[in-house]
Amino acid sequence: MSDRYDLIVRNARVATAADTFDADLGITGGKIVAIAQRLPAGSADREIDAAGRWVTPGGVDAHCHLDQPMVEPMRMADDFETGSRSAACGGTTTVIPFAAQVKGHSLREAVDDYHRRAEGKASIDYAFHLIVSDPTPDVIARELPALVGEGYTSFKIYMTYDDLKLDDGEILACLEAARGLGAMTMIHAENADAIAYLTKRLTEQGKTAPRFHGMSRPMPVEREATHRAITLSELVDVPILIVHVSGAEAVEQIRWARGKGLNILAETCPQYLFLTQEHLGLDGFHGAKCVCSPPPRDARNQQVIWDGLADGLFTIVSSDHAPFRYDDPQGKKLGGEEPSFEYIPNGIPGLETRLPLLFSEGVLAGRLTIQQFVALTSTNPAKLYGLYPRKGTIAIGADADLVIWDTSKRQPIRNEMLHHEVDYTPYEGIEVGAWPATTVCRGKVVWDGVSFTGRAGDGQFLACGLPEPAKPRVRNESWREWVGL
Ligand code: DUC
Ligand code: ZN
Ligand code: ZN
């Protein structure tokens, strides 16, 4: 044990995904180097007393969108500087946004461009997922293997959105590549043709207000695509992660798949726990503030999501932070209008509120244990994307990424408390009983409970390892031998 530390966090009530214990944490060179009942007085340059407070690993937000290039005039409100600042103030110390391929262009161009956007701006650590929108033979055979080897080990594919969606054949090609490389495929599961059909019917009847967004993407649209994604994954025999699962019928498909022994992982987000279709129907155009896809459902579906968090169906909780300003011609009021729901940019801000909402209504309300909270928001995403044990835990040798929690008061969330560049939060007025008092990223205090104290450029790029390999299943279908899968 080293004699001197850069920082000691004293009297911590530490929670990891496995345990809770009381300890002093000694930090040197950005790493946790000592965990002891009592570290000597005067042995650190700086001390923080966490007496009576939970200390958890810094959050890993493994699904967020920052400064992602958009079709004009749409523009994301947060870049790496403002997004990472907001994340830090909400207890998140690692983000994994998306380097998105543009059809007709290479993945490499997307990655290079995204590094330029992050460089010198991020105040917390970051890795990249890829978005594959054009899986040409070159992308499959050459680009993906090279990029996975360089630490971009996960990619998202879409079953909807005209500029991103893949057909089933293209999805199968991507899954086969993921299988060969050991990469993780994230799937946005909504049926594009069904959405187009329902949207046309609604708009032809003049039903264009934000609340009709929900009716253009009802639960069966997500259920069908979820089932199809599961089936394609089963055929190729490769794990997938179904992202932003919104409600019961998608959960049923995933439970069914798990029951068959398939390796289907699932992610959900706070919007499916705290928002409903009623938020899309807020007065005037305000429902646009909650337009995201899949859309928020209802109280019964929220309960199913809570149940899935408690019983282990879900592996991770991410924000899907996709920041568009409300009163802005580049945001929800696209082109200075109040557009039909089909043109409202999809996405809501959530980087800073993800952990407080889940700590408050999950842990403090008794729905989740604190170990489950840590697993869902930090340890599991770190494991899934090959960042563990550097990230996602409190252990000797891990990065000193910590959140010290203030659970002494309840307060309503107000947008003016937050540090993003968005002019609203969909969670305005929701009371929470937990907020980070201090966030530490690699040994540096980046949020002190009052101010952001981090520095743009201090965040490091993280090359991801491969996720833990899936356990082999017993497969006795004879067709597999014939097709060589
Ligand atoms: N849906 C997505 O698929 N991505 C960004 C935001 C959203 O609502
Ligand atoms: Zn998505
Ligand atoms: Zn997303």
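**Group meeting talk: ligand 1, the zinc ions and the pockets**

Hi everyone, let me start right at ligand 1: one of its nitrogen atoms lies 3.4 Å from an N or O atom in the side chain of Tyr-161. What you have on screen is a predicted model, where local features need pLDDT of at least 70 and side-chain atom pairs count only at pLDDT 80 or more, while totals for chains, interfaces and linings use all residues; side-chain values use heavy atoms, with hydrogens and water left out. On labels, residues are numbered from 1 along each chain as its sequence is written, and chains are lettered from A and ligands numbered from 1 in the order in which they are written.

Back to ligand 1. An oxygen atom of the ligand sits 2.8 Å from an N or O atom in the side chain of His-188, and an oxygen atom of ligand 1 is also 3.5 Å from a polar backbone atom of Gly-347. I call these polar contacts, meaning pairs of N or O atoms within 3.5 Å; within protein, one atom must be able to donate a hydrogen and the other to accept it, and sequence neighbours count only if both atoms are side-chain atoms. The residues around ligand 1 include Lys-156, Tyr-158, His-244, Cys-292, Ser-293 and Asn-346; to be listed there, a residue needs a heavy atom within 4 Å of the molecule.

His-65 and Asp-320 also belong to those surroundings, and they bring us to the metal. Which residues are the protein donors of the zinc ion (ligand 3)? They are His-63 and His-65, each through NE2, and Asp-320 through OD, at 2.0 to 2.1 Å. A donor here is an N, O or S atom within 2.8 Å of the metal, or 3.2 Å for Na, K and Ca; water is not among the atoms, so sites may look incomplete. Along the chain, the donor spacing reads H-x1-H-x254-D. The pair His-63 and Asp-320 links distant parts of the chain, 257 residues apart: His-63 is in the loop between β6 (59–61) and α1 (80–89), and Asp-320 in the loop between β15 (316–317) and α12 (354–364). Those element names come from DSSP runs numbered from the N terminus, with helices being H or I of at least four residues and strands E of at least two. Are these two residues buried or exposed? His-63 and Asp-320 are both buried, where buried means under 20% relative accessible area, exposed over 50%, and partly exposed in between, with a 1.4 Å probe and protein chains only. The zinc ion (ligand 2) lies 3.7 Å from the zinc ion (ligand 3).

Now, the open spaces. The largest pocket has a volume of about 1,200 Å³. It has 43 lining residues, and closest to its centre are Met-74, Tyr-161, Asp-162, Asp-163 and Leu-164. So Tyr-161, which we met beside ligand 1, turns up here again. Two or more lining residues come from each of β11 (154–158), α5 (192–204) and α6 (212–216), and α5 gives the most, with five.

For the method: on a 1 Å grid over the protein atoms alone, a pocket is an open set of points with protein on both sides within 12 Å along at least five of seven lines, a cavity is a set where a 1.4 Å probe fits but cannot get out, and lining residues have an atom within 4 Å of a point. Points are joined across faces, edges and corners, and the volume is the space filled by probe spheres set on them.

The second largest pocket has a volume of about 860 Å³. Of its 29 lining residues, Pro-239, Asn-263, Glu-468, Pro-469 and Ala-470 are closest to the centre. Helix α13 gives the most to this lining, with three residues.

How many cavities of 30 Å³ or more does the structure hold? There is one, with about 30 Å³ of space. Its lining consists of Asp-406, Lys-409, Gln-411, Val-432, Gly-433, Ala-434 and Trp-435.

Finally, some backbone details. Ser-293, one of the ligand 1 surroundings, is joined to Pro-294 by a cis peptide bond with omega near -5°. Pro-294 lies in the loop between α10 (277–280) and α11 (299–310). Tyr-388 and Pro-389 are likewise joined by a cis bond, with omega about 5°. Asn-11, in strand β1 (residues 5–15), has a positive phi near 55°, and Asp-237 has a positive phi of about 60°. Thanks, and over to you!
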